Amino acid sequence: MSTTKPRIGITLGDCAGIGPEIVETALKSGRVPKSAAYKTIGKYPDCTPGHPTAETARAAAAALEEAVTLGRRGELDAIVTGPIHKARMYDVGFKFPGQTEFFAERCGVKNFAMCLTGGKITVALVTTHIPLSEVPRALTQSEIVRVGLLLADFLSRRRPPRRPKMDRSSPAARGPRIAVAGLNPHAGESGKIGSEEIDIIVPAVGELNRSLSADHPSLFSGPHSPDTVFHRAIKGEFDAVLCMYHDQALIPLKLHAFHEGVNVTLGLPFPRTSPDHGTAFDIAGKELARPDSLIGAIKLAVELAQKPNKMRR
């Protein structure tokens, strides 16, 4: 067995935000794995905490470019990205909805998805940064299946959850249990409050379960009513929830694990994680920022770097 430590690259994000201080605090905390080697990426300008400039945004963008180049060359085993301010990034020419889309494009990956995990909740998003009015049109059976399989692979690479003793022949005993959320209130109420569940989501759940193999022994179920499925997940009934749109996933996750949430991009040739919070310019430099989410992102990056990605293309 190789004793080489996984190499984890960490960008600071916009250095006028809390990125630099939480990176420093995290690496000195004794709470990140000693089994990895860490490299801070980027050349950052002098700046005043809480006062972002075009230069700090450009430096954040340049650090992302350097990180993805090192990752593609195989010089890094995983990347953790600090928080950026997207509006300021757009002002200096950043053309992506977020860091997820940036990494996917630079890696030439079409089959990717956004996943977040924290506390007892893990969620993946079928649609992400689009207006709510466009979600029903963007929701397709093929997209639900595509993201569902990426989520199943992610869960299969993580430490198995503790469960009560059960029949080992049961699908629930063999692999992760994934709840598929409905789109409409009460999952459509049998078609009375929308037809997307009947027309799109139910067939997708069936296709997902037919698509699974010995390599992906997950069990999908649903569509489940969105107003109860996250409570059931926290209680241990499900290992993850496949969500139809951004806020359906992010609101319960941040309510449940605001300081511990981690964002992970599924489908890349290397793990990429980030803390699930922004630059927090208002508290930058005031020693108020908590490193918990970044520590979680580093731990997850190390964990994933040590395991193969079965869905990698």
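Let me start with a word: buried means under 20% relative accessible area. Thr56 has 0%, so it counts as buried. Keep that residue in mind. We will come back to it.

One caution before we go on. This is a predicted model.

So, helix 2. Thr56 lies in this helix, which runs over residues 54–73. Helix 2 has 20 residues and reaches 29 Å from its first C-alpha to its last. That is close to the 28 Å expected at 1.5 Å a residue.

Which residues of helix 2 are buried? Take the alanines to begin with: Ala57, Ala59, Ala60, Ala61, Ala63 and Ala67. Then come Thr56, Leu64, Val68, Leu70 and Gly71. What covers these buried residues includes three strands, namely strand 1 (7–11), strand 2 (37–41) and strand 3 (78–80). The cover also includes helix 3 (86–91) and helix 4.

Back to Thr56. What does Thr56 contact, leaving aside its neighbours within four places in sequence? Asp14, Cys15 and Ala16, plus Pro45 and Cys47.

Now for charges on helix 2. Arg58 forms a salt bridge with Glu55, and the closest N and O atoms are 3.8 Å apart. Both residues sit in helix 2, 3 residues apart, or about one turn of the helix. There is a general point behind that spacing. An α-helix has 3.6 residues a turn, so residues three or four places apart point the same way. Are these two buried or exposed? Neither: Arg58 counts as partly exposed at 46% relative accessibility, and Glu55 counts as partly exposed at 45%.

Next pair. Glu65 and Arg106 meet through their side chains in a salt bridge, at 2.7 Å, N to O. Glu65 lies in helix 2 and Arg106 in helix 4 (residues 99–106), so the pair ties together parts that are 41 residues apart in sequence. Glu65 is partly exposed, at 31%. Arg106 is partly exposed too, at 26%.

Let us stay around helix 4. Thr100 lies in helix 4. At 4% relative accessibility, Thr100 counts as buried. Beyond its neighbours within four places in sequence, Thr100 is in contact with Phe112, Met114, Asn263, Thr265 and Arg272.

Just before that helix we meet Phe96. Phe96 lies in the loop between helix 3 and helix 4. With a relative accessible area of 14%, Phe96 is buried. Not counting residues up to four places away in sequence, Phe96 touches Tyr90, Glu101, Phe102, Glu105 and Arg106. That last name, Arg106, is the salt-bridge partner of Glu65. How far apart in space are Phe96 and Lys86? They are 8.8 Å apart, C-alpha to C-alpha, and 10 residues apart in sequence.

Lys86 takes us to a pocket. The second largest pocket is lined by 21 residues. Lys86, Asn263, Pro275, Asp276 and His277 lie nearest its centre. Asn263 we have met already, as a contact of Thr100. How much space lies in this pocket? About 410 Å³. Helix 4, strand 4 (113–118), helix 10 and strand 10 each give two or more residues to the lining. By type, the lining divides into 6 nonpolar, 10 polar and 5 charged residues.

One of the residues nearest that centre, Asp276, also has a salt bridge. The side chains of Lys254 and Asp276 meet at 3.9 Å, N to O. This pair links distant parts of the chain, 22 residues apart. Lys254 is in helix 10 (residues 246–257), and Asp276 is in the loop between strand 10 (272–275) and helix 11 (292–305). The two partners have unlike surroundings: Lys254 is partly exposed, at 32%, whereas Asp276 is buried, at 10%.

Salt bridges can also share partners. They join Arg31, Arg290 and Asp292 into one network. Across the whole structure, a search finds 15 salt bridges.

Last stop, helix 8. At 1.5 Å a residue, the 16 residues of helix 8 (residues 196–211) should span 22 Å. Its end C-alpha atoms are 21 Å apart, which agrees. The buried residues are Glu196, Glu197, Ile200, Ile201, Ala204, Val205 and Leu208. What do they pack against? Helix 5 (135–138) and helix 6 (141–156), along with strand 6 (177–181), strand 7 (219–224) and strand 8 (240–243).

That is the tour.

Key:
Residues are numbered from 1 along each chain as its sequence is written. This is a predicted model: local features need pLDDT of at least 70, side-chain atom pairs count only at pLDDT 80 or more; totals for chains, interfaces and linings use all residues. Side-chain values use heavy atoms; hydrogens and water are left out. A salt bridge is a side-chain nitrogen of Lys or Arg within 4 Å of a carboxyl oxygen of Asp or Glu. Helices (H or I, at least four residues) and strands (E, at least two) are DSSP runs, numbered from the N terminus. Buried means under 20% relative accessible area, exposed over 50%, partly exposed in between (1.4 Å probe, protein chains only). On a 1 Å grid over the protein atoms alone, a cavity is a set of points where a 1.4 Å probe fits but cannot get out, and a pocket is an open set with protein on both sides within 12 Å along at least five of seven lines; lining residues have an atom within 4 Å of a point. Grid points are joined across faces, edges and corners, and a volume is the space filled by probe spheres set on the points. Ala, Val, Leu, Ile, Met, Phe, Trp, Tyr, Cys and Pro count as nonpolar, Asp, Glu, Lys and Arg as charged, and the others, Gly among them, as polar. Contact means heavy atoms within 4.5 Å. The expected span of a helix is 1.5 Å times one less than its number of residues.
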